[in-house]
Amino acid sequence: MLKTILYIAIGGAVGSVLRFLTTVLISKFWSNNFPLATFIANVIGCFLIGLFIGFLAKNQLEESNLKWFLVTGFCGGYTTFSTFGMENYNLLQNNNSLLAFGYIALSVILGLLAVWVGLSLSK
C-alpha cells in the first residue's frame, strides 16, 4: 500500500508541476478572458488518460504500479478533468447516455454552485 501511495504521489507531483508549466507557457502567448491554459490542460489530460489506459490494457498492465503513477498520479495531478472525461466515456460506451449527460450537467452546475457557496461563505 505504501509503495502504491508513493507512485501516486510522485506522479501527482510531476503532473502538478507540468500543469503549472502549461499555465506559464500559455500565459506568455495568450492574455484573454478565456481560460485557455486550463482548457488546454483539461484536453491534454483527457487525451493522455485515454492513451495511458489504452496502453496499459493493451499490455495487460491495468493493475501495475505504472497505472498508479500515470493515471491516478500524473493525470490526477495534471487535471482531474481527465478522470471525469474517462468516466463519462465509459458510461457512454456502456449505453448509459442518460446517466453520462446527467453526470456532466450535475457536475458542471453543482461545481459552479459549490464555488459560489464557498466564495460566499469565505467573505
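This report walks through the fold, the helices, the core and the surface of one predicted chain.

Residues are numbered from 1 along each chain as its sequence is written, and side-chain values use heavy atoms, with hydrogens and water left out. Since the model is a prediction, local features need pLDDT of at least 70 and side-chain atom pairs count only at pLDDT 80 or more, while totals for chains, interfaces and linings use all residues.

**Overall shape**

Let's start with the big picture. The chain has five helices and zero strands, giving an element order of α-α-α-α-α from the N terminus on. Helices (H or I, at least four residues) and strands (E, at least two) are DSSP runs, numbered from the N terminus. The C-alpha trace spans about 45 × 40 × 30 Å along its principal axes.

Of the 123 residues in the chain, 24% are buried. Here buried means under 20% relative accessible area, exposed means over 50%, and partly exposed is in between (1.4 Å probe, protein chains only). The accessible surface comes to about 8,600 Å², with 72% of it belonging to carbon and sulfur atoms; these areas come from the Shrake-Rupley method with a 1.4 Å probe, and for residues only the protein chains shown count as cover. Take the contacts (heavy atoms within 4.5 Å): among those between residues at least 6 apart in sequence, 55% join residues at least 24 apart.

**H1 and H4**

Helix H1 (residues 2-29) has 28 residues and reaches 41 Å from its first C-alpha to its last, close to the 40 Å expected at 1.5 Å a residue. The expected span is 1.5 Å times one less than the number of residues. Buried in H1 are Thr 4, Gly 11, Gly 12, Gly 15, Thr 22 and Ile 26, and these residues pack against H2 and H3.

Helix H4 (residues 81-93) has 13 residues, which should span 18 Å at 1.5 Å a residue, and its end C-alpha atoms are indeed 18 Å apart. Its buried residues are Ser 82, Phe 84, Met 86, Asn 88 and Leu 91, under cover that includes H2, H3 and H5. Ser 82 is at 0% relative accessibility, so it counts as buried. Not counting residues up to four places away in sequence, Ser 82 touches Gly 45, Cys 46, Ile 49 and Cys 75.

**The core**

The largest nonpolar core has eleven residues: Ala 41, Leu 48, Ile 49, Phe 52, Leu 56, Leu 70, Val 71, Phe 74, Cys 75, Tyr 78 and Met 86. Helix H2 (36-58) and helix H3 (65-78) are the elements that give two or more residues to this core. A core of this kind is a set of buried Ala, Val, Leu, Ile, Met, Phe, Trp, Tyr and Cys residues joined through side-chain atoms within 4.5 Å. In soluble globular proteins, nonpolar side chains tend to be buried together.

Phe 74 is a handy residue to click on. Leaving aside neighbours within four places in sequence, Phe 74 is in contact with Gly 11, Gly 12, Val 14, Gly 15, Leu 18, Leu 48, Phe 52 and Phe 69.

Over in helix H2 you'll also find Asn 42, and with the same sequence neighbours left out, Asn 42 is in contact with Arg 19, Thr 79 and Phe 81. Leu 51 sits in H2 too; its C-alpha is 9.8 Å from that of Val 71, 20 residues away in sequence.

**Burial at a glance**

| Residue | Relative accessible area | Class |
|---|---|---|
| Asn 42 | 15% | Asn 42: buried |
| Leu 51 | 44% | Leu 51: partly exposed |
| Leu 112 | 59% | Leu 112: exposed |
| Gln 60 | 70% | Gln 60: exposed |
| Asn 95 | 70% | Asn 95: exposed |

**Loops and surface**

Two loop residues are worth a look for their backbone. Gln 60, in the loop between H2 and H3, has a phi near 55°, a positive value in a residue other than glycine. Asn 95, in the loop between H4 and H5, has a positive phi of about 60° although it is not a glycine.

Finally, the outside. Leu 106, Val 108, Ile 109, Leu 110, Leu 112, Leu 113, Trp 116, Val 117 and Leu 121 make a nonpolar surface patch of about 950 Å². Patches are made of residues with over 30% relative accessible area and no salt bridge, joining like charges within 9 Å and nonpolar side chains (Val, Leu, Ile, Met, Phe, Trp, Tyr) within 5 Å. A salt bridge is a side-chain nitrogen of Lys or Arg within 4 Å of a carboxyl oxygen of Asp or Glu. Leu 112, one of the patch residues, is in helix H5 (residues 97-122).
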